[in-house]
Amino acid sequence: MQDDPIADVLEDLLRLDDILACMVARRNMISVMPNSDGFKGDVMQVWDIIHRAMDDVFGVISQYSQAGLGEMEFRLQEYEVLFYVFPDTENALVAIIPALANKGLIEIEIENARLDILKILEKQEKARAIVSH
Amino acid sequence: MQDWSAIETEEDFKQKIKGSLEAEIKEILKSDFESAVGMSRKWDAREAGREVARSTLKKLKTPPSFFLLFSTIHYKKHGGFQEFLDGVWDVLPDKTPLIGGTVAGFINSDGSYARGATAMAVSSPNMDAAIGFGKNPKKSPKKAAQRCAAMIKNGLKNSDYQNKFLFEIVSGPKFPTIPFKGEFRIIKNRSLSLLFAYLSKISTSLFQKGAAREAEALQFLSKELDDFYILGGSSMDDCRYVDNFQFYNKKVYKNSLLGLGLQTNLFPIIKSGSGLISTGKKSNVTKDRVWGHIICSLDHKPATDVYLKAVDWPEKILDERVYTKTIYYPLGSIINEKLIVPNVIALFVGKYIVLAHSIPSKKLCLLTTSGERLTKAIDDALFGIPSNFGFGVSCAIRMQTLGDKVNIVKEKLKSKFGDNFLVIYTPGESIYLPDKGICQHFQNTFNILTFGTSKIDLT
């Protein structure tokens, strides 16, 4: 199986203690997961309800991302789910963290991951443009 | 000599400053002063050490006069800090003076990071450097400071340069932990307040877990090195306050005070900003413990109650999430009616308020801030200083508060310094300006050091 550079970025993010799960997703679809088993701790026990809530949030993202919606988040039980939207798309980098985590420092690394993924996507877009010419 | 008499407007003033600084930079470049910043985002400790050293040194034309090394806490679980430091020394020339430690995060021209390692190296033929070390500063800040200062003075005794600067890094605060329970962030039971206070003092003195006593260390350092400008910070982890490490030459330490002393023909310039403003609400400390780290009562009433009344919050707000709010409402110690030293709340323990750093005054006020004020403070600190090189020490609380918006700070620094800057985030910031009579350990501030060819009056 080919290495997916976006999965590598997610893998890096998942190595942080307070990142319990991360993925690139859109409504009704998870596009990319980290290479390893993507969930830590007890997140799997509440994954169903978190997943349904995520889909509702993606409904809002799809309506407003073209208007510049950058981030969203919600708290559910002992977890927070953070959405870092890719500009002008309906996709977002999604991270699940404990509700009492030190969010400030984690946000910095989630944003770094989002920027790295954007660079990868731009590179892939340029490569596609060259091939089609 | 610049003619300032023709200045009539703020725009005139800014143009004049710009011209003056451009002349400064030309002079500094003539002096063969080089600085370089590198980093690593590798997870493996040894590889990260090698990469951070390599990426820094390749930007210098001559061997470094000194090497400042910082990393986040993550290498503790990915090879350990001795492996990390050994990796650095796989690349760094032998006998290069090196100090550093773990920090919450850092900013350089590549970005803002809460994970990784970074370094700054400076090379100058007109600079002498010496490093110093003192152990167990939590037990005895006086002995640690005196030993460190003695090593610095001895190392620089043959220097002919007149301008003196010290960067110091000291082991930061560590929360006490309860066996089998782990860390705690809040204790609501008021009957435990006094017990906590006694145990804190014992924990700090005997086990070196508790208050870092940085303010005391700074006082003793400034007495010994009274003609040095001092900028310092404390080492820390990722804001859990469980562990932190310091790097001194080829060894890693857990409870030390380190110093890098410089004597040079360049003038050290240190400027600060905070973005905190007073709400006008004041009170007096009527009882405190543990060297002024625990406020027991304000105006003869339980400290917690007085604080909650001042911010107009109900008691039920006191859960583990309260600290996401108290960072916007720190306390401030009023010194001589002019200077306010911010102090962020570390813990609520029943009726007591625990601070990470001691209060330098019994007169307190309630401060407040916002994200916008925190970032505007950077502009104030950067205005009017040379832009050849910048090394900053800023409070980790600011990084926590701003989150990913800390990239706004990065852009301002990059606009000012280009690639030549590094800012580290620590749990407290120490400043000693001998000509201004300022000797304080602050919190929630942004402080930047640069070098000029002449003294600049920044008042």
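How many residue pairs are in polar contact between domain 1 of chain B and domain 2 of chain B? I began my notebook with this, keeping in mind that the model is predicted.

**Entry 1: the two domains of chain B**

I looked up the domain assignment of chain B first, and it gives domain 1 as 29–174 + 210–273 + 371–452 and domain 2 as 277–368. Their C-alpha centres lie 29 Å apart, and the contact takes 17 residues from domain 1 of chain B and 17 residues from domain 2 of chain B. I then turned to the area buried between these two domains, which is about 1,500 Å², with carbon and sulfur atoms giving 65% of that area. For my opening question, the count is 4 residue pairs in polar contact, where both residues are at pLDDT 80 or more, while the count of salt bridges between the two domains is 0.

I also noted which elements of domain 1 of chain B touch domain 2 of chain B: α6 (214–224), α10 and β28 (438–442) of chain B each supply at least two residues of that side. Sorted by class, this side of domain 1 has 6 nonpolar, 7 polar and 4 charged residues.

**Entry 2: where chain B meets chain A**

I moved on to the contact between the chains, which takes 23 residues from chain B and 19 residues from chain A. The area buried between chain B and chain A is about 1,800 Å², and carbon and sulfur atoms give 48% of it. On the side of chain B, I found that W43(B), R321(B) and D404(B) lose the most area to chain A, together 34% of what that side buries.

Next I asked myself how many salt bridges the rule finds across the interface of chain B and chain A. I wrote down 5 salt bridges for this interface, and I picked out a salt bridge between the side chains of D12(A) and R115(B), at 3.5 Å from N to O. Side chains of opposite charge can pair when their charged atoms come close. Across the interface of chain B and chain A there are also 10 residue pairs in polar contact, again with both residues at pLDDT 80 or more.

The elements of chain B that give two or more residues to the side touching chain A are β5 (111–113) and α10 (396–402), and α10(B) gives the most, with 3 residues. By class, I listed 8 nonpolar, 6 polar and 9 charged residues on the side of chain B that touches chain A.

**Entry 3: chain A by itself**

I looked at chain A alone and noted 3 helices and 5 strands, which follow the pattern α-β-β-α-β-β-β-α when read along the sequence. The radius of gyration of chain A is 15 Å, close to the 14 Å that the globule rule gives for 133 residues, so I recorded chain A as being as compact as a globular protein of that length. I added that the C-alpha trace of chain A spans about 50 × 35 × 25 Å along its principal axes.

**Entry 4: a salt bridge within chain B**

Over all chains, the count by the rule comes to 27 salt bridges. I followed a pair within chain B, in which the side chains of K174(B) and D243(B) meet in a salt bridge at 4.0 Å from N to O. K174(B) lies in the loop between β8 (163–171) and β9 (177–178) of chain B, and D243(B) lies in the loop between β12 (229–235) and β13 (246–248) of chain B, so the pair ties together parts that are 69 residues apart in sequence.

Terms used:
Residues are numbered from 1 along each chain as its sequence is written. Chains are lettered from A and ligands numbered from 1 in the order in which they are written. This is a predicted model: local features need pLDDT of at least 70, side-chain atom pairs count only at pLDDT 80 or more; totals for chains, interfaces and linings use all residues. Side-chain values use heavy atoms; hydrogens and water are left out. Contact means heavy atoms within 4.5 Å. Buried area is the accessible area (1.4 Å probe) that two parts lose on being put together, summed over both. A polar contact is a pair of N or O atoms within 3.5 Å; within protein, one must be able to donate a hydrogen and the other to accept it, and residues adjacent in sequence count only if both atoms are side-chain atoms. Helices (H or I, at least four residues) and strands (E, at least two) are DSSP runs, numbered from the N terminus. Ala, Val, Leu, Ile, Met, Phe, Trp, Tyr, Cys and Pro count as nonpolar, Asp, Glu, Lys and Arg as charged, and the others, Gly among them, as polar. Domain bounds come from an automatic or database domain assignment. The radius of gyration is taken over C-alpha atoms; the globule rule is 2.2 Å times the number of residues to the power 0.38.
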